[in-house]
Amino acid sequence: MAKAPQTNPAIVKKLIENLQGDLRSLSSECKRKYPPVKESAEAGILKLRNVMTKPDKEIIPGLVACSVEVIQPFLLGCDTKNAKIVHQCLISIQRLISHEAISLSAANNIINVLWSLMEAGVEELKLLQTATLLINSNWVVQHDSLAKALVLCFRLYFTKDSTTINTAAATVRQLVSVVFERVMTEDSQPPAEPLEDMNLEALKAGGKHPPKSLRPCAKDAYLLFQDLCQLVNADQPYWLIGMTEMTRTFGLELMESLLTGFPKIFLQHPEFSFMLKERVCPLIIKLFSPSVKYRPGGPAPPSPSLVD
């Protein structure tokens, strides 16, 4: 479960001071080549000064409320694609994330910038660090935003740099588990409102819409596991939009880790049990049956053996 936002006055004050220092440094770095970034940084400094006038207990909530404006200079800095500036800005963004000082809108803006940097091949390891922190630190990122952040990490797994590949693999494994850990935490708490009954026909149809009988975190986990089945089966994902490639081995490894790590979810939620029966079992039979190698007109398959 996400930890409570930091309220220690000394730590909060240090955060604001560090952010102001980051913005001054960014303004100085960009004053000649990137004037819009400089202007935005100076506006951010003024915004932080206003936040500091609030009572101690209201500083972090106040920072969250204006986080879109505070984070904008750093996002503009990332848009320059200048490696030095991008590195500096991502550190500042991580600082805000680690103190849970971002709103949902700010988180979405961060993911969009990370995606742009991923496509440009800039600071790939720092992107993975930032995405991990963003998803691990709290539950702000959910649903389509969560899917986009996961796809970003999957895409970096298929780059050419070995260090990036290894880091991305570890990141994907961790974040996939985090999605299911959220379900475990969610299940330990009473639902805020009554849930709909399970719709069997909707489950059979599958698709991009999760079962309405599930709670928010369980919906994300359901869509994630459904898409892993899709990808392993060489089909297009419904939720992980933007996936350009996937190896069957890696997909099966992720599925195995979820089945062994979170058996309660698959046993206690009939929607997940249904997916095991209707999607996972046929998939495994297809992958491990030798007869799939044979097509009409070809040689007959061998008689059953120990290998079969």
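In this predicted model, the count of aromatic pairs comes to nine. The tour begins with two of these pairs.

**First stop: F180 and F262.** Select F180 and F262. Their ring centres lie 5.6 Å apart and their planes meet at 40°, so the pair is classed as tilted, a class that lies between stacked (under 30 degrees) and edge-to-face (over 60). The two residues belong to distant parts of the chain, 82 residues apart: F180 is in helix α9 (residues 162–187), whereas F262 is in the loop between α12 (248–261) and α13 (263–268). Both F180 and F262 are buried.

**Second stop: Y222 and F272.** Select Y222 and F272 next. This aromatic pair is edge-to-face, with 5.7 Å from centre to centre and 85° between the planes. Y222 sits in helix α11 (residues 216–232) and F272 in helix α14 (residues 270–288), so that distant parts of the chain, 50 residues apart, are linked. Y222 has a relative accessibility of 2% and therefore counts as buried; F272, at 0% relative accessible area, is buried too.

**Third stop: the cluster.** Which residues form one aromatic cluster? Add F225 and F266 to the four residues already selected: F180, Y222, F225, F262, F266 and F272 form the cluster.

**Fourth stop: W115 and K148.** Select W115 and K148. K148 lies over the face of W115, at 5.4 Å from the ring centre.

**Last stop: helices α2 and α3.** Select residues 35–52 (α2) and 56–65 (α3), whose axes come within 9 Å and cross at roughly 150°. The crossing is right-handed. L48, V51 and M52 of α2 make the contact with I59, G62 and L63 of α3. By class, five of the contact residues are nonpolar, one is polar and none is charged.

How values were computed. Residues are numbered from 1 along each chain as its sequence is written. This is a predicted model: local features need pLDDT of at least 70, side-chain atom pairs count only at pLDDT 80 or more; totals for chains, interfaces and linings use all residues. Side-chain values use heavy atoms; hydrogens and water are left out. Axes are lines fitted to C-alpha atoms, for helices over the stretch in contact, and angles run from 0 to 180 degrees between N-to-C directions. Helices (H or I, at least four residues) and strands (E, at least two) are DSSP runs, numbered from the N terminus. A crossing is left-handed if the near helix is turned anticlockwise from the far one by less than a right angle, and right-handed if clockwise. Contact means heavy atoms within 4.5 Å. Ala, Val, Leu, Ile, Met, Phe, Trp, Tyr, Cys and Pro count as nonpolar, Asp, Glu, Lys and Arg as charged, and the others, Gly among them, as polar. Rings of Phe, Tyr and Trp (its six-membered ring) pair if their centres lie within 6.5 Å; planes under 30 degrees apart count as stacked, over 60 as edge-to-face and the rest as tilted. Buried means under 20% relative accessible area, exposed over 50%, partly exposed in between (1.4 Å probe, protein chains only). A charge sits over a ring if NZ of Lys or CZ of Arg is within 6 Å of the ring centre and within 35 degrees of the ring normal.
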